[in-house]
Amino acid sequence: GDTRRTIELYEGIVQPGYTGWGISPYRVRALMRLGPLYEEAGDTRKAIEAYTTLSRLWTDGDRHGRAVAERFADRARALETEPPPE
């Protein structure tokens with residue numbers, strides 16, 4: 001129920017050095033949650049950043065990974081063209 005606090009927790013996971021390895025399942029999962037949370041909080045710029053980062057991480061994945069990456073890239077593009085929230 002506390003979007004801001006949830007965002008802070010997930011942001012801690014995606015910071016460099018959280019696991020010491022490139023792509024961890026925790027980082028991917030956190031980015032998947034951060035995009036919608038940023039949208040809910042009205043932070044379109046950070047939502048686009050999360051979706052774009054996730055898309056780049058999965059671009060070279062298997063067929064399922066590429067499909068997921070494309071969905072996130074599509075959402076980032078949609079947000080870039082949507083008018084800002086009132």
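The protein chain holds four helices and zero strands, and its elements run α-α-α-α from the N terminus on. Keep in mind as you read that this is a predicted model. Buried residues make up 30% of the 86 residues in the chain. Among contacts between residues at least 6 apart in sequence, 47% join residues at least 24 apart.

**The core**

Let's start on the inside. In soluble globular proteins, nonpolar side chains tend to be buried together. The largest nonpolar core here has 17 residues, and L34, Y38 and Y51 touch the most other members. Each of the helices α1 (3-14), α2 (25-41), α3 (44-58) and α4 (63-81) supplies at least two residues of this core.

Which residues does L34 touch, leaving aside those up to four places away in sequence? The partners of L34 are I7, Y10, E11, V14 and A50.

**Helix α3 and its two sides**

Helix α3 is a good place to look in detail. How far apart should the ends of its 15 residues be? At 1.5 Å a residue, α3 should span 21 Å, and the end C-alpha atoms are 21 Å apart, so the two values agree.

Which residues of α3 are buried? They are A47, I48, A50, Y51, L54 and S55. These residues cover an arc of only 160° around the axis, which means that they sit on the same side of α3. What covers the buried residues of α3 includes α2 and α4. On the face turned away from the buried side, α3 carries the exposed residues R45 and R56.

**An aromatic pair between α3 and α4**

A pair of aromatic rings is described by the distance of the centres and the angle of the planes. A search of the whole structure finds one aromatic pair. Y51 and F72 form this pair, which is stacked, with 5.8 Å centre to centre and 25° between the planes. Because Y51 lies in helix α3 and F72 in helix α4, the pair ties together parts that are 21 residues apart in sequence.

Are these two residues buried or exposed? Y51 is buried, with a relative accessible area of 4%, and F72 also counts as buried, at 12%. Y51 is thus a residue to find in several places in the picture: in the list of core residues that touch the most other members, among the buried residues of α3, and in the aromatic pair.

**Salt bridges**

Side chains of opposite charge can pair when their charged atoms come close. How many salt bridges does a search of the whole structure find? The search finds seven salt bridges, and the table shows some of them.

| Salt bridge | Closest N to O distance | Relative accessible area |
|---|---|---|
| E11 and K46 | 3.5 Å | E11 18%, K46 25% |
| R45 and E49 | 3.2 Å | R45 53%, E49 45% |
| E82 and R75 | 3.2 Å | E82 39%, R75 28% |

The bridge of E11 with K46 links distant parts of the chain, with E11 in helix α1 and K46 in helix α3, 35 residues apart. E11 counts as buried at 18% relative accessibility, because the limit for buried is under 20%. K46 is partly exposed. Besides K46, E11 touches L34 and Y38, not counting residues up to four places away in sequence. Both L34 and Y38 are among the core residues that touch the most other members, so here a buried charged side chain is in contact with residues of the nonpolar core.

The bridge between R45 and E49 stays inside one helix. Both residues lie in helix α3, four residues apart, about one turn of the helix. An α-helix has 3.6 residues a turn, so residues three or four places apart point the same way. R45 counts as exposed, whereas E49 is partly exposed. R45 is also one of the exposed residues on the face of α3 turned away from its buried side.

What else is linked with R75 and E82? E39 joins R75 and E82 in a network of salt bridges. In the bridge of E82 with R75, E82 counts as partly exposed, and R75 is partly exposed too.

Conventions: Residues numbered from 1 in each chain as written. Predicted model: local features only at pLDDT ≥ 70, side-chain atom pairs only at ≥ 80, totals over all residues. Heavy atoms only, no water. Core = buried A, V, L, I, M, F, W, Y, C linked by side-chain atoms within 4.5 Å. Buried < 20%, exposed > 50% of the residue type's maximum accessible area, 1.4 Å probe, protein only. Contact = heavy atoms within 4.5 Å. Salt bridge = Lys/Arg side-chain N within 4 Å of Asp/Glu carboxyl O. Expected span 1.5 Å × (residues − 1). Arc of directions from axis to C-beta. Phe/Tyr/Trp six-rings, centres within 6.5 Å; stacked < 30°, edge-to-face > 60°.
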